[in-house]
Amino acid sequence: MSEDSARQHPGRPSRRRVLSLSAAVSASAATAGVLSPSPSYAADMPLLGEYDVVVAGAGAAGMTAALTAARRGLSCVVVDKAPTYGGSAARSGAGVWIPNNSVILAAGVPDTPQKAATYLAAVVGDEVPADRQRAFLDHGPAMLSFVMANTPLRFRWMEGYSDYYPELPGGLPGGRSVEPDQLDGNLLGAELARLNPPYLPVPNGMVVFSADYKWLALSAVNTRGFAVAAECLRRGAEAALHGRKPLTMGQALAGGLRAGLLNARVPVWLNTPLTALDIHGGRVTGVVVERDGSPGLVRARRGVVIGSGGFEHNAAMREQYQEAPTGTQWTVGAKENTGDGIRAGERAGAALALMDDAWWGPAIPLPGQPYFCLAERTLPGSLIISAAGSRFVNEAAPYSDVVHIMYERDTADSPHIPAWLITDQNYRNRYLFKDVLPALPFADEWYASGAVHKAWTLDGLAQAIGVPAAALRATVDRFNGFARSGEDADFRRGQSAYDHYYTDPAVTPNSCLAPLWLPPFYAFAIVPGDLGTKGGLLTDARARVLRPDGSVIPGLYAAGNASAAVMGRSYAGAGSTLGPAMTFGYVAANDIADQAG
Ligand SMILES: Cc1cc2nc3c(=O)[nH]c(=O)nc-3n(C[C@H](O)[C@H](O)[C@H](O)COP(=O)(O)OP(=O)(O)OC[C@H]3O[C@@H](n4cnc5c(N)ncnc54)[C@H](O)[C@@H]3O)c2cc1C
């Protein structure tokens, strides 16, 4: 797919996106037709409990489902495999993309249901049925209001965080994403210790929102950046003064949902993985779990909701469904997300979809854990090249698209994995890089790992990373010309409002483009990272799990990354995974409650 077509048709499947519904369906068809029987031993297992609703997974989808079920008057339990709750949601930046929610409307965002429907349809295309898209848009705002009414969570508009395709009809350059406001961890009591830690901790003494990072990256060169850094410190000091334990981003989201469950008296059993579904007379009637090392049965009178996340940490499933090169080493998702719920649903006869896709993003394989890089990739004075030394993408394009294009272009003759992010000392002097302040040196281990290289000449850098020196020189020369003219004639970087989100307003004539000229020069390996996988159990507009023939598996629901994403192969805006995960958790539990009368 060309750069242009990726921008114009973000939802269009490419040549390589081969494992779409039909293939996945045939894979599971062998088990379809009749539900596979419950494990014959299930009847002999100790009964650990009986509830109206059993939810597998205490992440974004699962906790929202459980809260909804409880507030609709149903008894409910959540089982989670991990010793902590929160899953990837707790690790996340917690941007939540919900068009027409009450927070953005109150802030004056000019959204309407019509605009949102037009935009989502343009982004997602026909990969996902219109009624599912509509269900997300119809129930999302109510879900967010419900969460605010039943938890201590409050949300704030991420002002200016553009939709990812703002030029498509209905797209909003000012954005539709919200994130949690600051939450006091004291509200959680002893449960605070069981909150899954963040992917990247907030710097000590600061209270930082996701929307602040754009400015923190610029704090050395931009007065607003400096002011935002000072404000983050002020919030930190204020919280300390009042004895608060401030949580933001994913920590606030997961902590706030857990606080809602505490108030609603919903038990959350940690260290309790779902291993199978219990099925009687064609209906899912409970789950088999491991508890204290032994199997046990938890009965569900009205329904089971699978919210056990994706399969990002299952090497065999990645190998089976995803394009090479793949593995578990580049994902930043929660490590317990190994596709257990997807497999259990598949054994019950469910269809799978989108299994080859993920919530991709370019990552640097730093020692310890991969670094999912956002601002660093798009700030001016950086470009991305293939092994041939040529640019191949608008570096500031939505992160999912950049990785789709990496896979699209990667061949034995023309490797694009890893690609290389190239910068110079001028860039390094101006911007934060991960948590390394401008101008400060990177850790020796970064260089020792081979993920980062530095050289005093472009030729030296090319040699270090095995790229033809003449090609790299020519690429940088051409790019520097674009920076001077303000026109990226090759990839149109800076043409979309989205490109300008992580950028430097002081750079002219195009704030996305600056020349690379000051040695030393740096190269960072870029690999296909992800926030989690997006393929899973096929569901309908009511979050009910479907068989390959389109019929419903009675009693079985799925939401979040255990289900095939309503976003299809695309990514509408910041929060396109959490918004739908929470919404379909809410939809599932409401549907169960509606059936219960
Ligand atoms: C660093 C990072 C930043 C991110 N930023 C954003 C963002 O800003 N906006 C956004 O929309 N998305 C973001 N994401 C992605 C988002 O966090 C996930 O897509 C989302 O959390 C998925 O929700 P979920 O409920 O399906 O899964 P999770 O939140 O991962 O929850 C799944 C839960 O299921 C549990 N589980 C797994 N197996 C079993 C089993 N066998 N039995 C019982 N429980 C099980 C896990 O332990 C986990 O607690 C980010 C992710 C990461 C890692």
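# A tour from the α19 cavity outwards

Begin by selecting helix α19, residues 578-596, which supplies three residues to the lining of the largest cavity and so gives the most to it of any element. Keep in mind throughout that this is a predicted model.

**The largest cavity**

With α19 still highlighted, show the space beside the helix: the largest cavity holds about 90 Å³. Of the 14 residues that line this cavity, Gly560, Ala565, Val566, Pro580 and Ala581 are the closest to its centre, and these five make a convenient selection for centring the view. Colouring the whole lining by class gives eight nonpolar residues, five polar ones and one charged one.

**Where α19 meets α7**

Keep α19 on display and add helix α7, residues 130-150. The axes of α7 and α19 come within 8 Å and cross at roughly 85°; an angle from 65 to 115 degrees counts as roughly perpendicular, and the two helices α7 and α19 are therefore roughly perpendicular to each other. On the α7 side, select Arg132, Ala135, Phe136, His139, Gly140, Ala142, Met143, Phe146 and Val147, which meet Gly579, Pro580, Met582, Thr583, Phe584, Tyr586 and Val587 of α19. By class, this contact has 11 nonpolar, four polar and one charged residues. Pro580 belongs to this contact and is also listed among the residues closest to the centre of the largest cavity.

**Where α7 meets α3**

Leave α7 in place, hide α19, and bring in helix α3, residues 60-71, which packs with α7 at an angle of about 70°, the axes being 11 Å apart. The helices α3 and α7 are therefore roughly perpendicular to each other. The residues to select are Thr64, Leu67, Thr68 and Arg71 in α3, together with Met143, Phe146, Val147 and Asn150 in α7; by class, they divide into four nonpolar, three polar and one charged. Met143, Phe146 and Val147 of α7 take part in the contact with α3, and they also appear in the contact of α7 with α19.

**The second largest cavity**

The structure holds three cavities of 30 Å³ or more, and the next stop is the second largest, with about 50 Å³ of space. Which residues line the second largest cavity? Select Leu374, Arg377, Thr378, Ala396, Tyr498, Asp499, Tyr501 and Tyr502 to see its lining, which is made up of five nonpolar residues, one polar residue and two charged residues.

**The second largest pocket**

Now turn to the second largest pocket, whose volume is about 270 Å³. It is lined by 14 residues, and those closest to its centre are Glu159, Ala211, Asp212, Trp215 and Arg224. Show β4 (155-157), α8 (213-216) and α9 (223-241) as separate objects, since each supplies at least two residues of the lining of this pocket, with the largest share, three residues, coming from α9. Coloured by class, the lining of the second largest pocket shows six nonpolar, one polar and seven charged residues.

**Backbone details**

Switch to a backbone representation and select Ala324 and Pro325, which are joined by a cis peptide bond with omega at about -5°. Pro325 is found in the loop between α11 (315-321) and α12 (340-347). Then move on to Ile417 and Pro418, where another cis peptide bond has an omega of about 0°; Pro418 is found in the loop between α14 (399-409) and β16 (419-424). A third selection, Met249, has a phi near 50°, which is a positive value in a residue other than glycine, and Met249 lies in helix α10, residues 249-263.

**The whole chain**

Finally, zoom out and colour by secondary structure, which comes to 19 helices and 21 strands. The radius of gyration of the protein is 24 Å, close to the 25 Å that the globule rule gives for 597 residues, so the protein is as compact as a globular protein of that length. Taken along the principal axes, the C-alpha atoms fill a box of roughly 70 × 60 × 50 Å.

How values were computed:
Residues numbered from 1 in each chain as written. Predicted model: local features only at pLDDT ≥ 70, side-chain atom pairs only at ≥ 80, totals over all residues. Heavy atoms only, no water. 1 Å grid on protein atoms, 1.4 Å probe; cavity = no way out; pocket = protein on both sides within 12 Å on 5 of 7 lines; lining within 4 Å. Points joined across faces, edges and corners; volume = space filled by probe spheres on them. Helix = DSSP H or I, 4+ residues; strand = E, 2+ residues; numbered from the N terminus. Nonpolar A, V, L, I, M, F, W, Y, C, P; charged D, E, K, R; others polar. Axes fitted to C-alpha atoms, helices over the stretch in contact; angles between N-to-C directions. Parallel < 35°, antiparallel > 145°, perpendicular 65-115°, else oblique. Contact = heavy atoms within 4.5 Å. Rg over C-alpha atoms; globule rule 2.2 N^0.38 Å.
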